[in-house]
Amino acid sequence: MKIAILSRDASLYSTSRLREAAEQRGHEVQVVDYLRCYMNITSSRPHVVYHGSDLMDVDAIIPRIGASNTFYGTAVVRQFEMMGVFTPNRSQAISRSRDKLRSMQILAAKGIGLPITGFGHSIKDIEGLLEVIGGPPVVVKMLEGTQGIGVVLADTPAAARSVIEAFRGLDVNILVQEFVKEAEGADIRAFVVGNRVVAAMKRQGAPGEFRSNLHRGGKATKIKLTPKERSTAVRAAAILGLKVAGVDILRSRRGPVVLEVNSSPGLEGIERTTEIDVADSIIAYIERSVGGADKKSETASPY
């Protein structure tokens, strides 16, 4: 096969591992900076141009679309879809997952366990919003934040009001969620490929830090998931239409609750922690899918 990895930087760990895994399995691989692609949207003859050459003979793409480039990146993915090129994560699924509010609404409608979550606009409704959540402590999250940036723990009503007023004063959209104390600053990253979890790790926040992101000093260890956690991760990815996804889960008293579903999950932390060749699993899934029933399918919610 000819595979194009849509990535801004060929030297990134995830990109280089995917390229290595594909080449080891005998495929021809090209890393394509999707921001340097431009598109011809001619009727019945859509194509993508990169460095002046048409990318017409690609069998599959692997989107590695950065959060700050979602609009243009998904447009490029969609153009490849119009050309009949296979992608494990379709443009609509990537867009769903990037919109935290939309993805949580979709998951909630399908019965996926979530932290109790509120969303509001006016600062006049802060008390009512906090009451919906069950009162402080609460976690206030920017909808556009990544890697733990724009996530604040508010322990008291006064602190929650202050944080919410500050964000809304800057016209920043936020979610307000219950603080799952029993998680003890840890979450689980379940890496889903196709219809199964291929690797999982527990991420523990640094001392005094409620956020477990590895970018913020968190530590990762290999973990065995419960059947409920495994099925929750697979269902959450499938509902959003993602065939490659990192599903972040908290262990709560009422069972696993999903924090986020990531459409471009990093490979470095999960591979080094678990010693599992996740990149090879992704390429193997693409091999099974190209030319098969999955090539044209969109099995997620229409929202």
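Here is a chat between a student and a tutor about this predicted model.

Student: Let's start broad. How many helices and strands does the chain have?
Tutor: There are 9 helices and 15 strands in this predicted chain.

Student: And how does the radius of gyration compare with the globule rule?
Tutor: The radius of gyration is 20 Å, close to the 19 Å the rule gives for 303 residues, so the chain is as compact as a globular protein of that length.

Student: What does the C-alpha trace span along its principal axes?
Tutor: About 60 × 40 × 35 Å.

Student: OK, what share of the residues is buried?
Tutor: Buried residues make up 51% of the 303. As for the outside, the accessible surface is about 14,200 Å², and carbon and sulfur atoms hold 50% of it.

Student: What about contacts, how much comes from residues 24 or more positions apart?
Tutor: Take the contacts with a separation of 6 or more: 67% of them join residues 24 or more positions apart.

Student: Switching to sheets. In what order do S1, S2 and S6 sit?
Tutor: The order is S2-S1-S6, in an open sheet with parallel pairing. Strand S2 (28-32) and strand S6 (60-63) are the edges, each pairing on one side only. From one strand to the next, the twist averages 20°.

Student: How many bridges join S1 to S2?
Tutor: 5 bridges, with strand S1 (residues 2-6) running parallel to S2. To pick out a bridge, isoleucine 5 has valine 31 in S2 as its partner.

Student: What actually holds paired strands together, in general?
Tutor: Strands of a sheet pair through backbone hydrogen bonds, and the pairing can be parallel or antiparallel.

Student: Then where do I look for antiparallel pairing here?
Tutor: Try strand S8 (residues 138-142), which is joined to S10 by 5 bridges and runs antiparallel to S10. Within that stretch, lysine 141 stands opposite leucine 175 in S10. Strand S7 (residues 117-118) also pairs with S10 in the antiparallel sense, over 2 bridges. There, threonine 117 has glutamine 177 of S10 as its bridge partner.

Student: How many residues of S10 are buried?
Tutor: 5 of the 5 residues in strand S10 (residues 174-178) are buried, so the strand is largely enclosed by the rest of the structure.

Student: And aspartate 171, buried or exposed?
Tutor: Aspartate 171 is exposed, at a relative accessible area of 60%. You'll find aspartate 171 in the loop between helix H6 (157-169) and S10.

Student: How far is its C-alpha from that of histidine 121?
Tutor: The two C-alpha atoms are 9.3 Å apart, while aspartate 171 and histidine 121 are 50 residues apart along the chain.

Student: New topic: how many aromatic pairs does a search of the whole structure find?
Tutor: Just 1. The partners are phenylalanine 86 and tyrosine 285, with 6.2 Å centre to centre and 55° between the planes, which makes the pair tilted.

Student: Which parts of the chain does the pair tie together?
Tutor: Phenylalanine 86 sits in the loop between helix H2 (70-82) and helix H3 (91-98), and tyrosine 285 is in helix H9 (residues 278-289), so the pair ties together parts 199 residues apart in sequence.

Student: Are those rings' residues buried or exposed?
Tutor: Phenylalanine 86 is buried, with a relative accessible area of 2%. Tyrosine 285 is buried too, at 5%.

Key: Residues numbered from 1 in each chain as written. Predicted model: local features only at pLDDT ≥ 70, side-chain atom pairs only at ≥ 80, totals over all residues. Heavy atoms only, no water. Pairing = 2+ DSSP bridges. Helix = DSSP H or I, 4+ residues; strand = E, 2+ residues; numbered from the N terminus. Axes fitted to C-alpha atoms, helices over the stretch in contact; angles between N-to-C directions. Rg over C-alpha atoms; globule rule 2.2 N^0.38 Å. Buried < 20%, exposed > 50% of the residue type's maximum accessible area, 1.4 Å probe, protein only. Contact = heavy atoms within 4.5 Å. Areas by Shrake-Rupley, 256 points an atom, 1.4 Å probe, with all protein chains shown as cover. Phe/Tyr/Trp six-rings, centres within 6.5 Å; stacked < 30°, edge-to-face > 60°.
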